[in-house]
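Ready to practise reading a protein model? Work through each task on your own, then compare your steps with the solution.

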Amino acid sequence: MHQALESLLDLLDLERIEEDIFRGRSRSAVVPRVFGGQVAAQALVAAGRTVPAERLAHSLHAYFLRAGDPGAPIVYTVDRIRDGASFTTRRVVAIQHGQPIFHLSASFQRYEEGMEHQADMPVAPDPESLPTAAEMLPRYASAFHDPGVVDRLLEARAAVDLRYVDAPPWGTVGTPREPRSQVWFRTNGKLADDPLLHVCLATYVSDMTLLDSVLLAHGRGGWTVGDVVGASLDHAMWFHRPFRADEWLLYDQESPSASGGRGLGQARIYTQDGRLAITVIQEGVVRVPRA
């Protein structure tokens, strides 16, 4: 297993400090705040540890309230909202310095048979034919004002093998494109056979690229380039079918709208054999910097 993946798994292994209260560590992201995917994944870990193992996460709805401080631990308090015959609901609040920075509601369901249909998987190249991040990112070093961004991006994403199908936003700055982006991803190493762990790893990765499609529509490179400022506002996921985060997943993303200083991204995540595993929707602040 890649050392970066071991470090990420350790980051998601929360400390239980009281009944339904957990503590997680933080670390810096590419920008000087806690990465939103980390907080969302840790909150889902906290919720899942209060739910019977046979009940699987099927949805989450979350709001990012304040920027997280990477130099301080995060306390997660879990409210047991409902334990029904089929569904279990949990509410989690993440707290730093006495203030809530993140709020999540998650629902879990015992397995049952039901009707089946899904949207078809879009066409995408084989992930093994695409360049790795280590091969791709240095090509765009000149797009970043800060020469350290490439190294920080590689470090932040080292636990995950994430491969862009087309050029990322910072690769075509100044040229608006169709507001759609595809990436393949999987963890850099095998994971234990724990469904909650795979769901939490997918949640972590889901916050990395979802707003790329908003930037593409306007020919913007993103926060690492400095031609927009922004942050995630809310995040929702629905887990439809079993999947493994250590096997290739296609993240097919698009942006149907941007207005009022906000951009909306929506996506579907498919297994390599074509099963629709996850639906994701996120809105974020996306602003052009003021002079």
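Below are four exercises on this structure, each with a worked solution. This is a predicted model, in which local features need pLDDT of at least 70 and side-chain atom pairs count only at pLDDT 80 or more, while totals for chains, interfaces and linings use all residues. Residues are numbered from 1 along each chain as its sequence is written, and side-chain values use heavy atoms, with hydrogens and water left out.

**Exercise 1. Aromatic pairs**

Find the rings of Phe35 and Tyr204 and classify the pair.

Step 1. Recall the rule: rings of Phe, Tyr and Trp (its six-membered ring) pair if their centres lie within 6.5 Å; planes under 30 degrees apart count as stacked, over 60 as edge-to-face and the rest as tilted. The structure holds 5 such aromatic pairs.

Step 2. Apply the rule: the centres of Phe35 and Tyr204 are 5.1 Å apart and the planes stand at 85 degrees, so this pair is edge-to-face.

Step 3. Locate both residues. Phe35 sits in the loop between strand 2 (21–24) and helix 2 (36–48), and Tyr204 in helix 5 (residues 195–209), so the pair ties together parts that are 169 residues apart in sequence. Helices (H or I, at least four residues) and strands (E, at least two) are DSSP runs, numbered from the N terminus.

Step 4. Check burial (buried means under 20% relative accessible area, exposed over 50%, partly exposed in between, with a 1.4 Å probe and protein chains only). Phe35 is buried at 17%, and Tyr204 is buried at 4%.

Step 5. Try another pair: the rings of Phe144 and Trp170 have centres 5.7 Å apart and planes at 50 degrees, so this pair is tilted. Phe144 and Trp170 are buried, and together with Tyr164 they form one aromatic cluster.

**Exercise 2. The nonpolar core**

Which residues touch the most other members of the largest nonpolar core?

Step 1. Start with the meaning: a nonpolar core is a set of buried Ala, Val, Leu, Ile, Met, Phe, Trp, Tyr and Cys residues joined through side-chain atoms within 4.5 Å.

Step 2. The largest core has 70 residues, and Tyr76, Phe102 and Ile278 touch the most other members.

Step 3. Look around Tyr76, leaving aside neighbours within four places in sequence: its contacts (heavy atoms within 4.5 Å) include Leu14, Phe22, Val39 and Val92.

**Exercise 3. The sheet**

Trace the open sheet and name its edge strands.

Step 1. Follow the 12 strands in the order 1-2-4-5-6-3-9-12-11-10-8-7, with antiparallel pairing. Two strands pair if DSSP finds at least two bridges between them.

Step 2. The edges are strand 1 (15–18) and strand 7, each pairing on one side only.

Step 3. Zoom in on one edge: strand 1 and strand 2 pair in the antiparallel sense over 3 bridges, and Glu15 stands opposite Arg23 in strand 2.

**Exercise 4. Helix 5 and a buried glutamine**

Is Gln253 buried or exposed, and which side chain does its own side chain meet in a polar contact?

Step 1. Begin with helix 5, where 13 of the 15 residues are buried. At its N-terminal end, Asp194 is the cap, with a side-chain oxygen 3.1 Å from the backbone nitrogen of Leu196.

Step 2. Move to strand 10, which holds Gln253. Gln253 is buried, with a relative accessible area of 0%.

Step 3. Its side chain makes a polar contact with the side chain of Thr209 at 2.8 Å. A polar contact is a pair of N or O atoms within 3.5 Å; within protein, one must be able to donate a hydrogen and the other to accept it, and residues adjacent in sequence count only if both atoms are side-chain atoms.
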